[in-house]
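Reader: I would like to go through this model with you, one question at a time. Please keep the answers short and give the cut-offs.

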Amino acid sequence: MSGLAPACHLRERRDEEEGQAMDGSRRTKKTRLWRWRSNPLRRRDDVIDAWIVLAVGAVIAVGGTIVGLVTDNAAGEVFARQRAERHSVRAALLADIPRSVAGVGTTGDKVAARVRWTDRDGSVHTDKTLADTGLKAGSRIVVWTDSRGEITAKPPSPAKAAVEAGVLATGAALAFAGLAYGAGALARWRLDQRRIEQWGSEWDLVGPQWDHKTG
């Protein structure tokens, strides 16, 4: 029996703490939702404030998702079009490239050099592209051309395109969420300013009466 008493005491203590925690959570929930409950202290601006918070949350959740999906789809279509329009060709260097080159047009171990290639339709093109240093004239390098036959960047692979589209979609969704949150914060700030002005006007009416009663 003596061993059961401490156990019962601990169980009662635990039940009491859990009850206090539940009461605290209820009070916190009521505090957060007080603008939605009818009470004599709630004003019209408080209801508007609650609706602004709800609207901003809905706009961020729904609008951010839509913006992200639209951006992801648009970026995917752009990358797919690039892979369809661009193709690789083998071009020949028109001059030697020294092993040590410094100056404008140099990027790491690559340097801008003139190359010539024959396109699929048989037309000959000459342009500049980045090539490794140390190559001799006549060396063959791979360049990527667009639908107009001009040198362009290599299109991203499907996997890399999916990652880049996801990054762009996330950035667009976050930017939209930031704009929506900022608009909501500005609207709530304007409400706060109006409430402060109302408090000041009410105090101008009530304050002198209190001072008279106190005197």
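Reader: Is R188 buried, partly exposed or exposed?

Author: This is a predicted model, where local features need pLDDT of at least 70, side-chain atom pairs count only at pLDDT 80 or more, and totals for chains, interfaces and linings use all residues. Residues are numbered from 1 along each chain as its sequence is written, and side-chain values use heavy atoms, with hydrogens and water left out. Buried means under 20% relative accessible area, exposed over 50%, and partly exposed in between (1.4 Å probe, protein chains only). R188 has 32% relative accessibility, so R188 counts as partly exposed.

Reader: Which residue does R188 meet in a salt bridge?

Author: A salt bridge needs a side-chain nitrogen of Lys or Arg within 4 Å of a carboxyl oxygen of Asp or Glu. The N to O distance here is 2.7 Å. The partner is buried, at 1% relative accessible area. It is D49.

Reader: How many residues apart in sequence are the parts that this pair ties together?

Author: Helices are DSSP runs of H or I with at least four residues, strands are runs of E with at least two, and both are numbered from the N terminus. R188 lies in helix α3 and D49 in helix α2 (residues 44-85). The pair therefore ties together parts separated in sequence by 139 residues.

Reader: Which residues are linked in a network of salt bridges?

Author: D146 and R148 form a salt bridge, with their closest N and O atoms 3.6 Å apart. R148 also meets E150, at 3.5 Å from N to O. D146 is buried at 13%, R148 is exposed at 62%, and E150 is partly exposed at 40%. The network links D146, R148 and E150.

Reader: Which strand gives the most to the largest nonpolar core?

Author: A nonpolar core is a set of buried Ala, Val, Leu, Ile, Met, Phe, Trp, Tyr and Cys residues joined through side-chain atoms within 4.5 Å. The largest one has 11 residues, among them V89, V111, W117 and I141. Strands β1 (87-93), β3 and β5 (140-145) each supply at least two residues of this core. With four residues, the top contributor is β3.

Reader: In what sense do β3 and β4 pair?

Author: Strands pair if DSSP finds at least two bridges between them. Strand β3 (residues 110-118) and strand β4 (residues 124-132) have nine bridges. V111 stands opposite A131 in β4. The sense is antiparallel.

Reader: Which residue takes a positive phi in the hairpin of β3 and β4?

Author: This hairpin has five residues between the strands. The phi in question is near 95°. The residue is G122.

Reader: Which residues does A161 touch, not counting those up to four places away in sequence?

Author: A161 is in helix α3 (residues 158-214). At 6% relative accessibility, A161 counts as buried. Its C-alpha atom is 9.8 Å from that of E77, 84 residues away along the chain. By contact (heavy atoms within 4.5 Å), A161 touches F79, R83 and P156.
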